[in-house]
Amino acid sequence: MGDPMPERYMQLAIEQARLAWAEGEVPVGAVVVKDGEVIATGYNQPIGRHDPTAHAEIVALRAAAEKLGNYRLPGCELYVTLEPCIMCSGAMMHARLARVVYAAVDPKTGAAGSVVNLFEHETLNHHTTVQGGVMAQEASSLLKAFFAERRAAARKIPSAEQKPVADPA
């Protein structure tokens, strides 16, 4: 289990992340692979779908489960551009993924080692192998560029306090 060249799948996940950015979503992308074949993809869509669970991983897991006709995804691997959060990590374990590979760490909400590590709890009934840091620089650069663009756009919009007040006379 585990592709010796995970970069090829991570590159596809980065392409999915770019689709998220194009829609104004945080650029995170995911790909589900089974037996060396990409069976599902996903990218962040919580804003557009008005759905707090529409993270890239969840979108990809749902598509993979639909394709395989099973909510369990044994033998599948998920490649994602950002370390999974608690919600996504829980879904991955419930799906019985064999392996999760992520690119950039998430020091604020990462649940694969940065803040917590759900995958290392021995008392849980399923254990998923985790590998981090694959193409981390590329994924991190994409996220940083997205947020820099958002901050620059926010600076261009004057706040209510800065708008000139009309003379009432």
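**Exercise 1. Take the contacts in the protein chain between residues at least 6 apart in sequence, and find what share joins residues at least 24 apart.**

Solution. Start by setting aside contacts between residues that sit closer along the sequence, so that the pairs left are at least 6 apart. Of these contacts, 58% join residues at least 24 apart. Keep in mind that you're looking at a predicted model.

For a single pair, try N70 and A95. They are 25 residues apart in sequence, and their C-alpha atoms lie 9.1 Å apart in space. N70 belongs to the loop between α3 and β3. With a relative accessible area of 34%, N70 counts as partly exposed.

**Exercise 2. Describe the protein chain as a whole: its elements, its span and its surface.**

Solution. Begin with the elements: the chain has five helices and five strands. Walk along from the N terminus and you meet them in the order α-β-β-α-α-β-α-β-β-α.

Next, the span. Along its principal axes, the C-alpha trace covers about 75 × 30 × 30 Å.

Then the surface. About 9,300 Å² is exposed, and carbon and sulfur atoms supply 56% of that. As for burial, 42% of the 169 residues count as buried.

Last, the charges. There are 16 positive and 19 negative side chains, and the centres of the two sets lie 2 Å apart.

**Exercise 3. How many disulfides does a search of the whole structure find?**

Solution. Recall what you're hunting for: a disulfide is a covalent bond between the sulfur atoms of two cysteines. The search turns up zero of them.

Now check cysteines one by one. C76 is in no disulfide, and the nearest cysteine sulfur, in C88, is 16 Å away. C76 is also buried, at a relative accessible area of 0%.

What about C85? The closest cysteine sulfur to that of C85 is in C88, at 3.7 Å. The cut-off for a disulfide is 2.5 Å, so 3.7 Å is too far for a bond. C85 counts as buried as well, with 14% relative accessibility.

**Exercise 4. Which residues of α4 are buried, and what covers them?**

Solution. First list the buried residues of α4: C88, S89, G90, M92 and M93. Then look at the cover, which includes α3 (56-68), β3 (76-82) and β4.

The spacing is worth a thought: an α-helix has 3.6 residues a turn, so residues three or four places apart point the same way. Try that on the list you just made.

Finally, step past the end of the helix. α4 is followed by R96, which has a positive phi, near 65°.

**Exercise 5. Where do the charged residues R96 and D106 lie, and what is in contact with each?**

Solution. Take R96 to begin with. R96 sits in the loop between α4 (86-94) and β4 (99-104). R96 is buried yet has no salt bridge, and the nearest side chain of opposite charge, E77, is 16 Å away. Leaving aside neighbours within four places in sequence, the contacts of R96 are R72, L73, P74, N125 and H126.

Now do D106 in the same steps. D106 lies in the loop between β4 and β5 (129-131). D106 is buried without a salt bridge too; here the nearest side chain of opposite charge is K108, 7.3 Å away. A salt bridge needs a distance within 4 Å. Beyond neighbours within four places in sequence, D106 touches L82, E83, S114 and V115.

Conventions. Residues numbered from 1 in each chain as written. Predicted model: local features only at pLDDT ≥ 70, side-chain atom pairs only at ≥ 80, totals over all residues. Heavy atoms only, no water. Buried < 20%, exposed > 50% of the residue type's maximum accessible area, 1.4 Å probe, protein only. Helix = DSSP H or I, 4+ residues; strand = E, 2+ residues; numbered from the N terminus. Contact = heavy atoms within 4.5 Å. Areas by Shrake-Rupley, 256 points an atom, 1.4 Å probe, with all protein chains shown as cover. Lys, Arg positive; Asp, Glu negative; His and termini not counted. Charge placed at Lys NZ, Arg CZ, Asp CG, Glu CD.
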